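Colleague: Could you take a close look at one part of this predicted model for me, and walk me through how its helices pack and what surrounds them?

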Amino acid sequence: MKFFENYKKQILTVLAVVLVAASILTAGRTGNANFLESTLGFVITPLQKVTTNVSSFFGDKFSNIKNEKDLEKENEELKAEIERLERENKRLSLMDEENKKLSSLLEISQKYAAYDTTASQIIAKDPGNWYNIFVIDKGTKEGLSANMVLTAEGGLVGKITESGYTYSKGMSILDSRSSVSAMSVRTGDLGIVKGDYTLMNDGLCKMEYIDSDAEIMEGDEIITSHLSDIFPPGISIGTVKEIKTDSNGLTKYAIIEPHVDFKHLDTVLVISESGEMEETAKKASDNEEVSN
Amino acid sequence: MKERVISTALILILNIILQSTLFQAIRIVNIMPNTSIIIIVSYALLRGRTEGAAVGCFSGILTDIFFGTSFGFYAFLGMMTGYICGRSFHNLYRENYILPIMISSAAVFIYENIIYFTGFLFKGNTEYFYFLIHLIIPEMVYTGVFSIIIYRLLFAVNDWLEQREKYRYRLF
């Protein structure tokens, strides 16, 4: 303690230099959390989960009182929607079969392969005002790792930037640091969907570097392209809301309205290609069997 | 000493939990008050620059771990905030009601400007006045309003701890 009192200034200076060096060295890293981070996460994430659940419980109660009348109507609409989707699903599964047969005849690999999925709850959101980061309640324990893809309600949400033992940090596509390679379904024009602070608060994002000759139009569906090594192709992102030409006149950019409602997002679906999650689940069940 | 460390750690953990969960509901035009800055400034005013720097560092580390992309950025910012506030304002009456509000707002102004310059301007985003009007000024106002409550709470906690320490160590 005496040592600390005597060398206060030196300690503070060294700490400051170390922190600056660490922040420069670790900038933009993607990977899994270290032991210290995982331990702190192990303590704090359950508390965050409880607080989120309690506050969303009261929030739901409050909005239930308001919306009780609409529920019956909504229920009927949803039933009709389910019927329609079931029909669609049957048709699509037939097409899937056909596709498999035809592609095996042509000897090409499946473009839209099946992925592992697991649902996860958002337990905390970014306390600052600049970015759009959130924490979900599953981590390396469940087989999640950095660069896995997050979706919700059929649209792209973002990706995992870091996984701890019990939690993972996600970055949404609205965050100004995120960029996703994307294409328009109708015309096949490529571009990059980026977050933009001026649009973030309205729940919109931007698709940049579209060729000036591209025939992209308002209302076009935008999906992830085959160019990314993180995002699998064919995940829908949103629809084009507006098209503008850049000041240089060579490229266009589009304002995209994502399918996901980021303001009321509370659960996400984690997608992974590698099958890590299945392996971990298998191991866990094996362990249970052994212990039984 | 032990009580002080434990109570400070609890306050900081409670702060990050509330900020990331419950306080999301009190966002006004998507801006939420920066309660960690208020806590750092309060500690700097009540306990001096060293404790201000320590509290700033730990509060920043928590933010870094859960919401940062690089380790050390928010910790460094928080530490500097605590140190500079403690150093600059060590001889003023801490019972004053107005000064904590002004200092918290000023700290938010500098803190958010640094985040803009490092995180946005260096990436080619030059819309400074958009950020000033839509983010920095509303956050300054909102933080100022919150600092009235939080400073008083921390003032009471500090008073209670000082009373206990006085009897234990037979100070004064």
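**Helix packing in chain B**

Modeller: I would begin with H3(B) and H4(B), whose axes come within 7 Å and cross at roughly 160 degrees. Since an angle over 145 degrees counts as roughly antiparallel, H3(B) and H4(B) are therefore roughly antiparallel to each other. The crossing in which H3(B) passes H4(B) is right-handed, and the residues of this contact divide into 12 nonpolar, 9 polar and 3 charged.

A second pair in chain B can be set beside this one. The axes of H2(B) and H5(B) come within 10 Å and cross at roughly 125 degrees, which makes H2(B) oblique to H5(B). Here too the handedness can be stated, and the crossing of H2(B) and H5(B) is right-handed. On the H2(B) side the contact is made by Ile37(B), Ile38(B), Val41(B), Ser42(B) and Leu45(B), which meet Pro100(B), Ile103(B), Ser104(B), Ala107(B), Val108(B) and Tyr111(B) in H5(B). By class, the residues of the contact between H2(B) and H5(B) comprise 9 nonpolar and 2 polar, with no charged residue.

Some of these helices also take part in the interface with the other chain, where 34 residues of chain B are in contact with 33 residues of chain A. The elements of chain B that each give two or more residues to this side are helix H1 (2–20), helix H3 (49–67), helix H4 (73–88), helix H5 (98–119) and helix H6 (128–169). H3(B) supplies the largest share of the side of chain B that touches chain A, with 7 residues, and that side as a whole has 21 nonpolar, 11 polar and 2 charged residues.

As for the partner, chain A contains 5 helices and 13 strands, and 30% of its 292 residues count as buried. Among the contacts in chain A with a separation of 6 or more, 59% are between residues 24 or more positions apart.

How far the details can be read depends on the predictor's confidence, because predicted coordinates should not be read in detail where pLDDT is low. For chain B the mean pLDDT is 88, and 98% of its residues reach 70 or more. Within chain B, confidence is highest in helix H2 (residues 35–47), at 92, and lowest in H6(B), at a mean of 89. For the complex, the predictor gives an ipTM of 0.84 and a pTM of 0.82.

Conventions
Residues are numbered from 1 along each chain as its sequence is written. Chains are lettered from A and ligands numbered from 1 in the order in which they are written. This is a predicted model: local features need pLDDT of at least 70, side-chain atom pairs count only at pLDDT 80 or more; totals for chains, interfaces and linings use all residues. Two residues are in contact if their C-beta atoms, placed from the backbone, lie within 7 Å. Helices (H or I, at least four residues) and strands (E, at least two) are DSSP runs, numbered from the N terminus. Ala, Val, Leu, Ile, Met, Phe, Trp, Tyr, Cys and Pro count as nonpolar, Asp, Glu, Lys and Arg as charged, and the others, Gly among them, as polar. Axes are lines fitted to C-alpha atoms, for helices over the stretch in contact, and angles run from 0 to 180 degrees between N-to-C directions. Angles under 35 degrees count as roughly parallel, over 145 as roughly antiparallel, 65 to 115 as roughly perpendicular and the rest as oblique. A crossing is left-handed if the near helix is turned anticlockwise from the far one by less than a right angle, and right-handed if clockwise. pLDDT is the predictor's confidence in each residue, from 0 to 100. A residue is buried if 20 or more other C-beta atoms lie within 10 Å of its own, exposed if 12 or fewer, and partly exposed in between; C-beta atoms are placed from the backbone.
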